[in-house]
Amino acid sequence: MGKHPSASSAASSAATAVKSVSGQLAGSSGAVGQQADLVRRLFAAYTTTTPQSLKLIDAYLVFLMLTGVIQFVYVILAGTYPYNSFLAGFGASVGSFVLAANLRSQVNPQTKDFNKLSPERAFADFVFANIVLYAFVVIFLG
């Protein structure tokens, strides 16, 4: 019994379609693998080349970001009853984040804009600005 030519071409095109889809799926998992490899290499480069002082500032930045996110989620879930308390806390988180990001850019040895500024002076400016920020936060609370 001979095969009908249109049936064999349909089977052939179906097999080609299956190979194409499986190739696309393998390519997408390959892309995920490439992204995971990229993240691993980025993290390895960060841990080996970043000075310890910048890692400490980065940890503080992550803490401030999480604090702000938790406060925001709390206000969404629980309501805004002490609204000025939320604004003061969230403003303190955002303000501290901005000041810490500025400190990181001033202390980073790869930043060329702040060559004449010593790390001690940058930290003193950071502390003074935080004192002013938290004074405003306390005044805003009442």
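At 52% relative accessibility, Arg41 counts as exposed. In this predicted model, Arg41 takes part in a salt bridge with Asp37, the N to O separation between the two side chains being 3.5 Å. Both residues belong to helix 1, where four positions, or about one turn of the helix, lie between them.

## Salt bridges

Asp37 has a second partner. A salt bridge joins Asp37 to Arg40, with 3.7 Å between the closest N and O atoms. This pair is also found in helix 1, which spans residues 5-49, and its members are three residues apart, again about one turn of the helix. Asp37, Arg40 and Arg41 are thereby linked in a network of salt bridges. Arg40 is classed as exposed because its relative accessibility is 54%, above the 50% limit. Asp37, by contrast, is partly exposed, with a relative accessible area of 34%.

The structure holds four salt bridges. Another of them connects the side chains of Arg121 and Asp125, at an N to O distance of 3.1 Å. Because these two residues are four positions apart in helix 4, about one helical turn separates Arg121 from Asp125. Both ends of the bridge are partly exposed: Arg121 has a relative accessible area of 48%, and Asp125 has one of 32%.

The following table collects three of the salt bridges.

| Pair | N to O distance | Location |
|---|---|---|
| Asp37 and Arg40 | 3.7 Å | helix 1 |
| Asp37 and Arg41 | 3.5 Å | helix 1 |
| Arg121 and Asp125 | 3.1 Å | helix 4 |

## Overall architecture

The secondary structure of the chain consists of four helices and zero strands. Read from the N terminus, the order of elements is α-α-α-α. The chain has 142 residues, of which 18% are buried. Among contacts with a sequence separation of 6 or more, 68% are between residues 24 or more positions apart. The chain exposes about 10,500 Å², and carbon and sulfur atoms supply 71% of that area.

## The nonpolar core

In soluble globular proteins, nonpolar side chains tend to be buried together. Here, the largest nonpolar core comprises nine residues: Leu54, Ile57, Leu61, Leu64, Ala100, Leu103, Val107, Ala122 and Phe126. Helix 2 (52-78), helix 3 and helix 4 are the elements that each give two or more residues to this core. The largest share, four residues, comes from helix 2.

Two members of the core illustrate its contacts. Ala122 is situated in helix 4. Its relative accessible area is 1%, under the 20% limit, and Ala122 is therefore buried. Beyond residues up to four places away in sequence, Ala122 touches Leu103, Gln106, Val107 and Leu117. The approach to Gln106 also appears in the backbone: the C-alpha atoms of Ala122 and Gln106 are separated by 6.4 Å, although the two residues are 16 positions apart along the chain. For Phe126, with the same sequence neighbours left out, the residues touched are Tyr60, Leu99, Ala100 and Leu103. Leu103 thus appears among the contacts of Ala122 and among those of Phe126.

## The loop between helices 3 and 4

Which residue supplies the backbone oxygen that lies 3.2 Å from a polar side-chain atom of Thr111? The oxygen belongs to Ser105. Thr111 is located in the loop that joins helix 3 (83-107) to helix 4 (119-141). Although it is a loop residue, Thr111 is buried, its relative accessible area being 18%.

## The nonpolar surface patch

Nonpolar side chains also occur at the surface. Met65, Val69, Phe72, Val73, Ile76, Leu77, Val94, Phe97 and Val98 make a nonpolar patch of about 840 Å². Helix 2 and helix 3 each supply at least two of these residues, and the largest share, six residues, comes from helix 2. One of the patch residues is Ile76, which lies in helix 2. Is Ile76 buried or exposed? Ile76 is exposed, because its relative accessible area of 57% is over the 50% limit. Helix 2 accordingly gives the largest share both of the largest nonpolar core and of the nonpolar surface patch.

Methods:
Residues numbered from 1 in each chain as written. Predicted model: local features only at pLDDT ≥ 70, side-chain atom pairs only at ≥ 80, totals over all residues. Heavy atoms only, no water. Buried < 20%, exposed > 50% of the residue type's maximum accessible area, 1.4 Å probe, protein only. Polar contact = N/O pair within 3.5 Å; in protein donor to acceptor, adjacent residues only side chain to side chain. Core = buried A, V, L, I, M, F, W, Y, C linked by side-chain atoms within 4.5 Å. Contact = heavy atoms within 4.5 Å. Areas by Shrake-Rupley, 256 points an atom, 1.4 Å probe, with all protein chains shown as cover. Patch = residues over 30% accessible without salt bridge, like charges linked within 9 Å, V, L, I, M, F, W, Y side chains within 5 Å.
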